[in-house]
Amino acid sequence: MGALNGKIVVTEEQLDAFSKTSGMEKEKVKEHCQVFFKNHPKGRMNKNEFTKFAKIALKNSSKIDMTVMSEHIFRMYDTDMDGFVTFIEFMVVYNLMLNGNAEDNLGKIFQIFDVNNDGSISLEEMNVLVKNISVMVENQDGIDKTKECAKRAFKEMDKDKNGVVTRDEFVSAVLNQEDVSKFLALKVIEIFV
């Protein structure tokens with residue numbers, strides 16, 4: 001992606017990658033990009049607009065309630081935390097999720113779990129996210145099951161037992177194949193692939 005005469009330009013390579021991972025034909029992707037820039041001439045979108053855009057761009061978003069999850073996913077894409085996601089922010093994170101290494105991708109996924117953006121995950125934040133992704137969890141038996149899942153994941157991740165999970169603890173727990181931690185991370189990854 002670049003700029004030509006002050007306009008944002010999406011390359012053929014980026015269109016191909018976006019087409020592949022979204023499941024849409026390249027021409028359809030190109031159409032959506034044109035519509036995006038027509039509707040968002042400044043090249044940015046707020047949370048409501050992002051939710052609509054993500055439903056189109058993330059082919060597995062139909063497995064979840066994007067109205068609920070969009071708040072969490074929005075944080076991951078709003079890298080400068082200004083309340084907007086620019087098309088460039090969206091494409092950078094999207095390409096990172098597509099082409100980045102496991103540690104970089106898990107670092108971005110950490111932002112989905114860090115509900116209040118303070119750089120750590122509390123048990124309360126874990127409960128919120130596990131509840132919100134529970135529709136993706138097979139054989140879940142309601143609220144008790146989700147709270148138990150959140151507690152187990154939190155216990156696996158909080159290695160120093162200080163009541164919060166840091167980015168490093170989160171990444172380490174998933175990379176070390178901790179059962180519930182890995183399961184939850186994979187459920188979030190399913191949204192993107």
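**Group meeting: how α6 and α9 pack, and some rings**

Okay, so on the α6 side we have A102, E103, L106, G107, I109, F110 and F113, and they meet R167, F170, V171, V174 and L175 in α9. By class, that contact has nine nonpolar, one polar and two charged residues. Keep in mind that this is a predicted model.

Now the geometry. Helix α6 covers residues 102–113 and helix α9 covers residues 167–175; their axes come within 9 Å and cross at roughly 120 degrees. So α6 and α9 are oblique to each other, and the crossing is right-handed.

Next, the aromatics. How many aromatic pairs does a search of the whole structure find? Four. Take F50 and F74: the ring centres are 5.4 Å apart and the planes sit at 80 degrees, so we call that pair edge-to-face. It ties together distant parts of the chain, with F50 in helix α3 and F74 in helix α4, 24 residues apart. Are those two buried or exposed? F50 is buried at 0% relative accessible area, and F74 is buried too, at 3%.

Another pair takes us back to our two helices: F113 and F170 are tilted, 5.1 Å centre to centre with 50 degrees between the planes. F113 is in α6 and F170 in α9, 57 residues apart in the chain. F113 is buried, at 0% relative accessibility, and F170 is buried at 0% as well.

One last residue, S120, in strand β5. S120 counts as buried, at 12% relative accessibility. Setting aside neighbours within four places in sequence, S120 is in contact with F110, D114, E125, V164 and V165.

Methods:
Residues are numbered from 1 along each chain as its sequence is written. This is a predicted model: local features need pLDDT of at least 70, side-chain atom pairs count only at pLDDT 80 or more; totals for chains, interfaces and linings use all residues. Side-chain values use heavy atoms; hydrogens and water are left out. Axes are lines fitted to C-alpha atoms, for helices over the stretch in contact, and angles run from 0 to 180 degrees between N-to-C directions. Helices (H or I, at least four residues) and strands (E, at least two) are DSSP runs, numbered from the N terminus. Angles under 35 degrees count as roughly parallel, over 145 as roughly antiparallel, 65 to 115 as roughly perpendicular and the rest as oblique. A crossing is left-handed if the near helix is turned anticlockwise from the far one by less than a right angle, and right-handed if clockwise. Contact means heavy atoms within 4.5 Å. Ala, Val, Leu, Ile, Met, Phe, Trp, Tyr, Cys and Pro count as nonpolar, Asp, Glu, Lys and Arg as charged, and the others, Gly among them, as polar. Buried means under 20% relative accessible area, exposed over 50%, partly exposed in between (1.4 Å probe, protein chains only). Rings of Phe, Tyr and Trp (its six-membered ring) pair if their centres lie within 6.5 Å; planes under 30 degrees apart count as stacked, over 60 as edge-to-face and the rest as tilted.
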